[in-house]
Amino acid sequence: MTTPGDGPAADATARSIGIPDGGPASLHTPGAAPGSSHGVPLGEAFQVWLRVAALSFGGPAGQIAVMHRIIVEEKRWIGENRFLHALNYCMLLPGPEAQQLATYIGWLMHRTLGGIIAGVLFVLPGAVAIMALSIVYALYGSVGIVGALFFGLKAAVLAIVLQAVVRVGGRALKSSAMIALATAAFLGIFLFNVPFPAIVLGAGLIGLLAGRAGVPAFQAGAGHKAGRGSTVLADRDSLLGEELPGHARPSARSTLRVAAICLGLWLLPVAAIVLTLGPSNVFGQIAIFFSKMAVVTFGGAYAVLAYVAQQAVNGFHWLRPGEMLDGLGMAETTPGPLIMVLQFVGFMGAYRDPGTLAPLTAGIIGGLLTTWVTFVPCFLFIFLGAPFIEGLRGNRALHGALSAVTAAIVGVILNLALWFAIHTVFRASVPIRGFGLSFEVPVLASIDPWAALLSLAAILAMFRFKTGMVATLAACSAAGLGLHLAGLV
């Protein structure tokens with residue numbers, strides 16, 4: 001039996017973001033008895049979650065690290081063990097784990113209203129910023145200076161995605177079985193255009209069966225070892241204490257109520273749009289497509305973006321290949337979950353197919369609709385599943401499924417990096433079709449030397465000199481602007 005928070009994903013993520021190890025023995029130190037009230041006013045919680053949201057740059061690892069520093073170390077709301085338990089649960093879910101972790105902790109501290117405040121505030125700054133940038137991009141994206149800035153951003157984004165491959169791969173590929181899963185996922189999605197949901201479900205099924213059978217490569221870690229001199233906060237010494245709050249106990253009545261409300265908020269608008277406008281209308285397409293994405297986005301934004309890019313560029317023709325990179329650059333430079341790039345995709349899709357609406361009005365509606373159907377399910381997963389989280393401890397089959405999905409995600413992200421490289425460094429590509437194959441190869445003569453040089457510089461900066469993401473993005477954007485002013489791009 002593992003302790004809450006144990007598991008390969010949460011363990012590795014915790015170490016990668018600087019959370020110290022600490023086993024159960026180190027957590028249960030003498031301290032205050034568990035209290036029935038933590039004494040944190042809702043108003044104070046609002047201010048804390050607003051601060052977390054404003055600092056939520058750097059992708060999920062950075063966002064989780066910020067949350068840990070503020071919630072556990074500074075405010076001492078919850079202990080280390082409970083934080084890692086919540087993180088492990090959120091990593092099992094589709095969707096942005098950092099946003100869901102904020103929602104979980106907000107719910108744990110201040111019931112449903114606390115979860116809504118934490119989850120909405122985590123998304124709000126990024127949603128506002130992406131909407132503003134999308135409007136500027138749609139209206140002025142063809143202007144030389146704006147285009148030059150995004151030219152530089154693309155080079156940095158390629159380096160960031162490659163770094164994600166290395167980071168996630170280093171965590172997940174600990175055995176030959178995991179390497180094989182990652183390789184199969186990469187070949188399947190790159191060469192044969194296997195849908196992303198099929199890859200996730202296939203890997204999850206393999207891991208589930210292997211975990212249930214006790215295959216060592218798919219087993220959870222042995223648990224946290226007490227770190228030498230570690231000063232982790234014990235659950236019993238936190239403001240919430242170690243006892244389960246009364247509102248966190250599952251009941252059939254509350255489960256049905258949560259399911260009815262959240263499913264209604266999510267699916268009723270989708271049904272109304274589809275029945276009114278039809279599934280072929282751009283708003284119907286947005287509602288259906290991104291609702292599907294909300295339930296298959298395991299592994300974070302980088303994993304699902306390859307599938308979204310395929311569909312948005314080649315399927316719906318909402319974007320051109322380079323524009324997906326532009327949107328990702330926007331999301332990288334704004335606070336909030338990286339998955340906010342989907343709002344840009346929805347905005348541009350509706351902007352280019354407005355129907356009877358003004359293009360800008362249609363774009364705003366399309367972007368907001370995308371954000372709604374992307375994040376409402378996140379609240380459903382937390383409010384519905386969190387009361388049952390104790391039942392997840394020690395489940396070998398579940399940990400096996402998570403390990404397999406995480407390994408497959410490495411291959412999917414590698415595909416995304418290669419896709420970005422083809423459309424960043426080369427101006428043209430040739431599709432290869434036949435015998436089940438479906439992929440693109442770059443036209444070598446179409447190489448863009450300045451894009452290649454910028455991409456190489458960004459890769460060297462991040463891998464060799466450990467330059468931060470924001471600094472790399474800013475430097476590449478400035479370089480793109482300089483090249484434009486010099487008349488080179």
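Q: Let's start with one side chain: does E323 count as buried or exposed?

A: Before any reading, keep in mind that this is a predicted model. The general idea is to compare a residue's relative accessible area with a cut-off: under 20% means buried. E323 comes out at 6%, so E323 counts as buried.

Q: What meets the side chain of E323 in a salt bridge?

A: The general idea is to look for a nitrogen of one side chain and a carboxyl oxygen of another within 4 Å. E323 has such a bridge with R320, at 2.8 Å from N to O. E323 also has one with R352, at 2.6 Å from N to O. That second pair ties together distant parts of the chain, with E323 in helix α13 (residues 321-332) and R352 in helix α14 (residues 341-352), 29 residues apart. R352 is partly exposed, because its relative accessibility is 34%.

Q: How many residues of α13 are buried?

A: For a whole helix, go along the residues and see how many fall under the cut-off for buried. In α13 that is 11 of 12, so the helix is largely enclosed by the rest of the structure. The buried ones are G322, E323, M324, L325, D326, G327, L328, G329, M330, A331 and E332. For its length, go from the first C-alpha to the last: α13 reaches 18 Å, close to the 16 Å expected at 1.5 Å a residue.

Q: How far does helix α11 reach from its first C-alpha to its last?

A: Use the same reading again. Helix α11 (residues 282-294) has 13 residues and reaches 18 Å, close to the 18 Å expected. As for cover, 10 of those 13 residues are buried, so we can call α11 mostly covered. Among the buried ones are F283, I286, F289, F290 and M293, and also G284 and S291.

Q: Which other salt bridge should I look at, and how many are there in the whole structure?

A: A search of the whole structure finds 6. Try R427 with D448, whose closest N and O atoms are 3.6 Å apart. Here too the partners come from distant parts of the chain: R427 sits in the loop between α16 (396-425) and β1 (429-434), while D448 sits in the loop between β2 (437-442) and α17 (449-463), 21 residues away. Check the cover on each partner as well. R427 is exposed, because its relative accessible area is 61%, whereas D448 is buried, because its value is 10%. Salt bridges can also join up into a network, as they do for R51, R69 and E74.

Q: Which residues touch the most other members of the largest nonpolar core?

A: Start with the general idea: in soluble globular proteins, nonpolar side chains tend to be buried together. In this structure the largest nonpolar core has 137 residues, and those touching the most other members are W49, M67, I78, Y104 and I105. The element that gives the most to this core is helix α6 (residues 97-140), with 18 residues. Another core, of 5 residues, lies apart from it and includes F151, A155, L454 and L483.

Q: Which residues does I105 touch?

A: Leave out anything up to four places away in sequence, and I105 touches W49, M67, I71, I78 and F83.

Q: Which residues make a nonpolar patch at the surface?

A: I116, V120, L124 and V128 make one of about 310 Å². Their spacing is worth a look. An α-helix has 3.6 residues a turn, so residues three or four places apart point the same way. L124 is in helix α6, and L124 counts as partly exposed because its relative accessibility is 42%.

Q: Where is C378, and is it buried or exposed?

A: C378 is in helix α15 (residues 359-385). C378 is buried, because its relative accessible area is 1%. Its contacts beyond four places in sequence are P96, Q99 and Q100. Also compare sequence with space: C378 and C262 are 116 residues apart in sequence and 9.5 Å apart from C-alpha to C-alpha.

Q: How many helices and strands does the protein chain have, and what share of its residues count as buried?

A: The chain has 18 helices and 2 strands, and 53% of its 489 residues count as buried. For contacts with a separation of 6 or more, 77% come from residues 24 or more positions apart. The chain exposes about 20100 Å², with carbon and sulfur atoms supplying 67% of that area.

Notes. Residues are numbered from 1 along each chain as its sequence is written. This is a predicted model: local features need pLDDT of at least 70, side-chain atom pairs count only at pLDDT 80 or more; totals for chains, interfaces and linings use all residues. Side-chain values use heavy atoms; hydrogens and water are left out. A nonpolar core is a set of buried Ala, Val, Leu, Ile, Met, Phe, Trp, Tyr and Cys residues joined through side-chain atoms within 4.5 Å. Buried means under 20% relative accessible area, exposed over 50%, partly exposed in between (1.4 Å probe, protein chains only). Helices (H or I, at least four residues) and strands (E, at least two) are DSSP runs, numbered from the N terminus. Contact means heavy atoms within 4.5 Å. Patches are made of residues with over 30% relative accessible area and no salt bridge: like charges are joined within 9 Å, nonpolar side chains (Val, Leu, Ile, Met, Phe, Trp, Tyr) within 5 Å. Accessible areas come from the Shrake-Rupley method with a 1.4 Å probe; for residues, only the protein chains shown count as cover. The expected span of a helix is 1.5 Å times one less than its number of residues.
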